[in-house]
Amino acid sequence: MNWIIGITIGVIVGYLLDREIYFYEGAHLGPRAQAWLYDRWSRKYDAGKRESQLRDDEMLARPLLDTLKDTPEPFILDFATGTGRLSFALLNQADFTGRIIALDLSQGMLEQASEKLSRAERRDDDSPSRRRSASVELIRHLALPLPFPDSTFNVVCALEVLELFPSMDEPLKELTRVLRPGGILLTTRGTEESGRRAKVKSKPVFTSLLEANGLREIQITPWWKLFDRVLARKNGESSPVVGAKNLSEVLRCGVCGQVEWGRARAEPGRSEASALTCRSCGKSLSVTTTGIVLN
Ligand SMILES: C[S@@+](CC[C@H](N)C(=O)[O-])C[C@H]1O[C@@H](n2cnc3c(N)ncnc32)[C@H](O)[C@@H]1O
Ligand SMILES: [Zn+2]
C-alpha cells in the first residue's frame, strides 16, 4: 500500500514540477529561480528556437523599420531580449541608425546575446557607425518595474515573453509606461496551435487587453507555429525624435531613483571590467567584460 502512495506522490510532484519549469518557465518561482533556469538553458536556446528565428529579418526587422520611417534615430527597448535576436536582426539592416537597450533577467542569455552581436559587429567592420558597441547596450534587470522614466522609448519590444507572467496586464502596463505616446509596441501572441491553452489569449481578448493598456492600431499577423507577431501604437502623439541616448542617460538608480551615473574602471583583481556609480547616492553597478550592466 505504501508503495502505491509513494508512486502517486512522486507522479503528482513530477507533474507539478514539469508544469512549473517547462510550461510556466519558473514564472511562479520568482525572478532568481527564473534567471537560474534561463542561465541553464541559454547555451542551447538558439538551437531549439531555430524555426522561430529563420524569418527575423523579414518578420521583425523590416516591418519595424518600415513603421519608423519618420524617426531618424529610433531609441528601442528590447525587453526580455534573450539571446538578442531582435538586435541582431536590426544590426543586419543597412538602414538601421537607432540605439537599442537590450534587457533580460538572465545573465546567461545576455552572454549569448553579446557573443552573437559581436559576430554582427565583425561582419560590419567597414561601417563603424553601426558598430554594436555604439548601437546596443545590454542590461541584466531581475524584475518589474522597469528602471526607466515614463515615455522614454520610440519602440518597445517584448517577444515571446508575455505568457511568462502570471498576468499579462503587469508587463503590458510597464511596457506602455516607458513607451512614448505614438510609439510602437512589437510583441507576440501565443497561438491556439501552440497547444498551451492555459496561456493562450484569443485574438479578440488579446486585442482588448492591448486597448485597455492604451494601445491602438493593433495588427496581429500569423508568424510561426507558436506565436503571432503583434504591432500596436501607443495612444497620443509626440515628436518621433528622441535622439540617441546611452543607457546611463535613462537608467534610474534602484536606490535613490536619480538618473546620474559616472563610469569608473573596476578595482584591480575584480572580474568585472568597470562599474557605473550613481553620482547622487554612490550605488555601484558592475559591468562585465562582455559589456553587461548588472542591475
Ligand atoms: C522565451 S524567451 C524569449 C527571448 C527573446 N525575446 C526571443 O524572442 O528570442 C523569454 C526570455 O524572457 C526573459 N524574462 C522572463 N521574465 C523576465 C522579466 N521579468 N524581466 C526580464 N526578462 C525576463 C527570460 O530570461 C528569457 O530570456
Ligand atoms: Zn542613486
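**Ligand shell, core and strand pairing in a predicted model**

By class, the residues that form the shell around ligand 1 comprise nine nonpolar, four polar and three charged residues. The structure described here is a predicted model, and every value given below was computed from it. Of the 16 residues around ligand 1, those that come nearest are Tyr38, Ala80, Gly82, Ser106 and Leu159. One of these residues, Ala80, is found in the loop between strand 1 (75-79) and helix 5 (85-91). The backbone of Ala80 has a positive phi of about 55°, although the residue is not a glycine. As a general background to this angle, most residues other than glycine have a negative phi. Ala80 counts as partly exposed because it has 19 C-beta neighbours inside 10 Å, whereas a buried residue is one with 20 or more.

In overall composition, the protein has nine helices and eleven strands. Buried residues make up 35% of its 295 residues. Among the contacts in the protein with a separation of 6 or more, 66% are accounted for by residues 24 or more positions apart.

In soluble globular proteins, nonpolar side chains tend to be buried together. In the present model, the largest nonpolar core has 62 residues, and the residues with the most contacts inside this core are Leu77, Val156 and Cys157. Domain 2 (50-234) and domain 3 (252-294) both give residues to this core, which therefore lies between them. When residues up to four places away in sequence are not counted, Leu77 touches Ile101, Leu103, Phe153, Val156, Cys157 and Val178. Two of the residues touched by Leu77, namely Val156 and Cys157, are thus also named among those with the most contacts inside the core.

Cys157 also provides a link to the pairing of the strands, since this residue stands opposite Leu186 in strand 5. Strand 4 (153-158) and strand 5 (residues 179-190) pair in the parallel sense, over five bridges. Ten of the twelve residues of strand 5 are buried, so this strand is largely enclosed by the rest of the structure. Strand 5 is also joined to strand 7 by seven bridges, and these two strands run antiparallel. Within this pairing, the bridge partner of Ile184 in strand 7 is Arg233.

Strand 7 (residues 227-234) has six of its eight residues buried, so that strand 7, too, is largely enclosed by the rest of the structure. Strand 6 (residues 215-222) pairs with strand 7 in the antiparallel sense over six bridges, and the two strands form a hairpin with four residues between them. In this second pairing of strand 7, Leu231 is the bridge partner of Gln219. Strand 7 is therefore bridged both to strand 5, by seven bridges, and to strand 6, by six, while its residues are for the most part buried.

Further along the chain, Gly243 has its place in the loop between strand 7 and strand 8 (261-265). Gly243 is exposed, because 9 other C-beta atoms lie within 10 Å. The C-alpha atoms of Gly243 and Phe75 are separated by 7.3 Å, although the two residues are 168 residues apart along the chain.

The loop between strand 3 (136-140) and strand 4 holds two further backbone features. Pro145 lies in this loop, and the peptide bond from Leu144 to Pro145 is cis, with omega near 5°. Ser151 is found in the loop between strand 3 and strand 4 as well, and its phi is near 50°, a positive value in a residue other than glycine. With 17 C-beta neighbours inside 10 Å, Ser151 counts as partly exposed. In general terms, most peptide bonds are trans.

A last site is Thr277, whose place is in strand 9 (residues 274-278). Thr277 counts as partly exposed because it has 17 C-beta neighbours inside 10 Å. Leaving aside its neighbours within four places in sequence, Thr277 is in contact with Trp261, Gly262, Ala264, Gly282 and Ser284. Thr277 and Cys253 are 24 residues apart in sequence, and the distance between them in space, from C-alpha to C-alpha, is 9.2 Å.

Technical notes. Residues are numbered from 1 along each chain as its sequence is written. Chains are lettered from A and ligands numbered from 1 in the order in which they are written. This is a predicted model: local features need pLDDT of at least 70, side-chain atom pairs count only at pLDDT 80 or more; totals for chains, interfaces and linings use all residues. A residue is near a molecule or strand if its C-beta atom, placed from the backbone, lies within 6 Å of it. Ala, Val, Leu, Ile, Met, Phe, Trp, Tyr, Cys and Pro count as nonpolar, Asp, Glu, Lys and Arg as charged, and the others, Gly among them, as polar. A nonpolar core is a set of buried Ala, Val, Leu, Ile, Met, Phe, Trp, Tyr and Cys residues joined through C-beta atoms within 7 Å. Domain bounds come from an automatic or database domain assignment. Two residues are in contact if their C-beta atoms, placed from the backbone, lie within 7 Å. Two strands pair if DSSP finds at least two bridges between them.
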